[in-house]
Every structure is written in structure tokens, then in C-alpha cells.
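Q: Please take a close look at one helix in this model, with the residues that surround it. Kindly set that part in the context of the whole chain and of its charged side-chain pairs.

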Amino acid sequence: MNGPYHLLPTPLGDLGAVFDGEGRLIRLDRLHGHPLLAPASPVPKSLPYLKRQLESYFSGNLRDFNIPMLAEGTDFQRRVWKELLKIPYGQAISYLELARRLGDEKCIRAAARANGANPIAILIPCHRVIGSDGSLVGYAGGLDMKEFLLRLEGVLPKAPPQPRLPLEWD
């Protein structure tokens with residue numbers, strides 16, 4: 001975990017956002033109950049906008065984010081992440097298709113590794129990449145998070161309603 005994080009409560013649990021000195025988002029991670037380091041710097045100017053945009057996204061009212069971001073990685077990783085940004089809301093592609101879009105289907109494993117190294121989950125939509133057979137393979141935030149996001153965006157059908165349990169035992 002890189003820190004210090006600014007805490008963002010979401011329907012998926014807490015996310016942690018890290019910003020650079022210019023207020024650009026550089027990491028967005030699912031915290032999975034990890035302890036937080038208190039942010040040492042003042043609240044970044046873009047943090048309230050990120051909170052509002054995430055709330056709007058999770059309520060189904062936002063499809064594209066416009067938060068200033070800086071995803072640091074190798075040239076190849078940044079190429080992959082740029083390609084991920086081209087996958088429209090509500091759609092998914094396979095890892096093989098991602099490699100093809102990068103110009104070489106032989107780079108499928110490297111593309112998958114770069115996808116998994118994405119430092120800005122959700123905003124750079126690595127969750128929109130799935131297995132060729134439609135399976136939800138690999139996701140740093142957990143497969144439950146990937147499934148939730150794909151259901152939210154309509155790639156997967158909405159989860160069936162859960163049966164209500166009786167409040168009292170007979």
C-alpha cells in the first residue's frame with residue numbers, strides 16, 4: 001500500500017486516494033481493511049470533485065471521470081492504460097482484444113500484467129477487461145469488486161434480488 005490515503009467510503013468499502021503535490025490523483029486503491037496513514041498534506045483541491053464523481057458513478061449517473069490524474073509506470077504500461085480509457089462505459093473487451101488494440105496479440109501477458117498494475121482503479125477502467133471466454137479473471141481490487149463494477153455498468157446483468165430472510169424464527 002502506498003500512502004498516505006484520503007479515505008473515500010463507497011458501496012465497495014473504503015477506497016484510498018493518493019494525490020501528488022499538484023493535486024493530481026496518482027493512486028486509487030480498495031483498502032480491504034488496511035490501516036490508513038493520515039494524509040500529511042492539506043486536502044487536495046480535486047478531492048471533493050473525486051468524491052462527488054465517485055458518488056455519481058456509483059449511483060449510475062456518471063460514465064466518464066474528469067479528475068486530473070497522473071498514472072506513473074513504464075512506457076508500455078502507460079500505453080495500456082491509455083487504451084483502457086478508450087473502452088466505453090458498459091462494454092468489456094478480452095485481454096486478447098486489448099493486446100490486438102496495442103498492435104501485437106503476442107503481448108497478451110504483458111498487457112494483462114500492465115492492466116493489473118493500473119494504479120488508478122475505476123477511473124482507468126481495468127475492470128472492463130475480461131477473459132476471452134467471458135470469465136472475470138484477475139483484478140487487484142478483488143473479483144467481487146470487478147463483478148460489482150461490471151454489473152453497475154450493465155456489462156453483466158443486475159444481480160437477482162436476494163430473498164428476504166424472516167425476521168423471526170417460527
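A: In this predicted model, 57% of the contacts in the protein chain with a separation of 6 or more are made by residues 24 or more positions apart. The protein chain has 170 residues, and 41% of them count as buried. Its exposed surface comes to about 10100 Å², of which carbon and sulfur atoms supply 54%. The secondary structure consists of 5 helices and 5 strands, and from the N terminus on the order of the elements is β-β-β-α-α-β-α-α-β-α.

The part chosen for a close look is helix H2, which spans residues 75–84. This helix packs against helix H4, residues 108–116, at an angle of about 80 degrees, and the two axes are 9 Å apart. Because angles of 65 to 115 degrees count as roughly perpendicular, H2 and H4 are described as roughly perpendicular to each other. On the H2 side, the contact is made by Phe76, Gln77, Val80, Trp81 and Leu84. On the H4 side, the residues involved are Ala110, Ala111, Ala114 and Asn115. By residue type, the contact of H2 with H4 divides into 7 nonpolar and 2 polar residues, with no charged residue among them.

A charged residue is nevertheless found in H2, namely glutamate 83. Leaving aside residues up to four places away in sequence, glutamate 83 touches Leu98, Arg101 and Leu102. Glutamate 83 has a relative accessible area of 12%, and it therefore counts as buried. Its side chain takes part in a salt bridge with lysine 86, in which the closest N and O atoms are 3.5 Å apart. The partner has another setting: lysine 86, with a relative accessible area of 51%, is exposed. This salt bridge thus joins a buried glutamate 83 to an exposed lysine 86.

Other charged pairs may be set beside this one, as the count for the model comes to 10 salt bridges. Side chains of opposite charge can pair when their charged atoms come close. Aspartate 29 and arginine 27 meet in a salt bridge with an N to O distance of 2.9 Å. Here aspartate 29 is buried, at 12% relative accessibility, while arginine 27 counts as partly exposed, at 21%. Because the limit for a buried residue is under 20%, the value of 21% places arginine 27 in the partly exposed class. The side chains of glutamate 105 and arginine 100 also form a salt bridge, again with 2.9 Å from N to O. In this pair, glutamate 105 is partly exposed with a relative accessible area of 42%, and arginine 100 is partly exposed at 44%. Elsewhere, salt bridges that share partners join Asp20, Glu22 and Arg24 into one network.

One backbone feature lies beyond H4, the packing partner of H2. Isoleucine 122 is placed in the loop between H4 and strand E5 (129–130). Most residues other than glycine have a negative phi. Isoleucine 122, although not a glycine, has a positive phi of about 70 degrees. At 2% relative accessibility, isoleucine 122 counts as buried.

To return to the part examined, H2 crosses H4 at about 80 degrees through a contact without charged residues, while its glutamate 83 pairs with lysine 86 in a salt bridge.

Conventions
Residues are numbered from 1 along each chain as its sequence is written. Side-chain values use heavy atoms; hydrogens and water are left out. A salt bridge is a side-chain nitrogen of Lys or Arg within 4 Å of a carboxyl oxygen of Asp or Glu. Buried means under 20% relative accessible area, exposed over 50%, partly exposed in between (1.4 Å probe, protein chains only). Axes are lines fitted to C-alpha atoms, for helices over the stretch in contact, and angles run from 0 to 180 degrees between N-to-C directions. Helices (H or I, at least four residues) and strands (E, at least two) are DSSP runs, numbered from the N terminus. Angles under 35 degrees count as roughly parallel, over 145 as roughly antiparallel, 65 to 115 as roughly perpendicular and the rest as oblique. Contact means heavy atoms within 4.5 Å. Ala, Val, Leu, Ile, Met, Phe, Trp, Tyr, Cys and Pro count as nonpolar, Asp, Glu, Lys and Arg as charged, and the others, Gly among them, as polar. Accessible areas come from the Shrake-Rupley method with a 1.4 Å probe; for residues, only the protein chains shown count as cover.
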